[in-house]
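Reader: I would like a close look at a single part of this structure. Please take one helix and go through it slowly, then add whatever is worth saying about other places.

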Amino acid sequence: KRAVFEYVKRCFEVLDSMNVNDEVYHYVSETLKWMDVAKCGNKADRKRWIKAGYNLKVHNLGSASIYKEYESDEKVYTLIKTHGLIGQHIQGEVNLKNSQDLVGLFPSPLLKEILIVLNNAF
């Protein structure tokens with residue numbers, strides 16, 4: 001749990017040093033806050049998440065489910081759910097169709113900038 005906290009803290013330090021506009025910062029920072037939450041939680045939290053059917057073994061899916069329990073921004077939800085898939089596709093690990101939910105989520109230039117920051121900076 002501490003390692004996840006330290007990782008997220010370092011990601012925010014990198015993000016804060018980048019020259020990105022407010023909208024990119026908002027979506028990237030919200031995604032960073034939530035994208036690894038399924039790796040954390042105390043024993044009671046994890047038990048409740050499992051009982052709720054959240055997939056904690058595939059942390060991006062579990063984290064997206066947990067996010068949706070507390071927040072309602074569909075764009076952030078989708079970014080959490082798909083985080084890492086672009087990089088995994090580039091490495092030949094997953095099919096690009098797994099990222100289909102990203103299509104049309106944002107205007108193309110904005111989506112490109114968000115994905116570049118999420119997939120290259122962290």
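**Helix 1 and two asparagines**

Author: On one side of helix 1, the residues Arg 2, Ala 3, Asp 16 and Ser 17 are exposed, opposite the buried ones. This is a predicted model. The buried residues of helix 1 are Val 4, Val 8, Cys 11, Phe 12 and Leu 15. Viewed down the axis of helix 1, these buried residues fall within an arc of 100°, so they line one face of the helix. The spacing has a general background: an α-helix has 3.6 residues a turn, so residues three or four places apart point the same way. The length can be checked too. Helix 1 covers residues 2-17, which makes 16 residues, and at 1.5 Å a residue it should span 22 Å. Its end C-alpha atoms are 23 Å apart, in agreement with that value.

Now the loop between helix 3 (43-51) and helix 4, where Asn 55 is found. Asn 55 has a relative accessible area of 32%, so it counts as partly exposed. A polar atom of its side chain lies 3.1 Å from the backbone nitrogen of Lys 57 and one lies 3.0 Å from the backbone nitrogen of Val 58. Beyond its neighbours within four places in sequence, Asn 55 is in contact with Leu 61 and Gly 62. Ala 38 is 17 residues from Asn 55 in sequence, with 8.2 Å between their C-alpha atoms.

Asn 60 sits in helix 4, residues 59-70. With a relative accessible area of 10%, Asn 60 is buried, because the cut-off for buried is under 20%. Residues up to four places away aside, Asn 60 touches Ile 80, Lys 81, Thr 82, His 83 and Leu 85.

How values were computed
Residues numbered from 1 in each chain as written. Predicted model: local features only at pLDDT ≥ 70, side-chain atom pairs only at ≥ 80, totals over all residues. Heavy atoms only, no water. Helix = DSSP H or I, 4+ residues; strand = E, 2+ residues; numbered from the N terminus. Buried < 20%, exposed > 50% of the residue type's maximum accessible area, 1.4 Å probe, protein only. Contact = heavy atoms within 4.5 Å. Expected span 1.5 Å × (residues − 1). Arc of directions from axis to C-beta. Polar contact = N/O pair within 3.5 Å; in protein donor to acceptor, adjacent residues only side chain to side chain.
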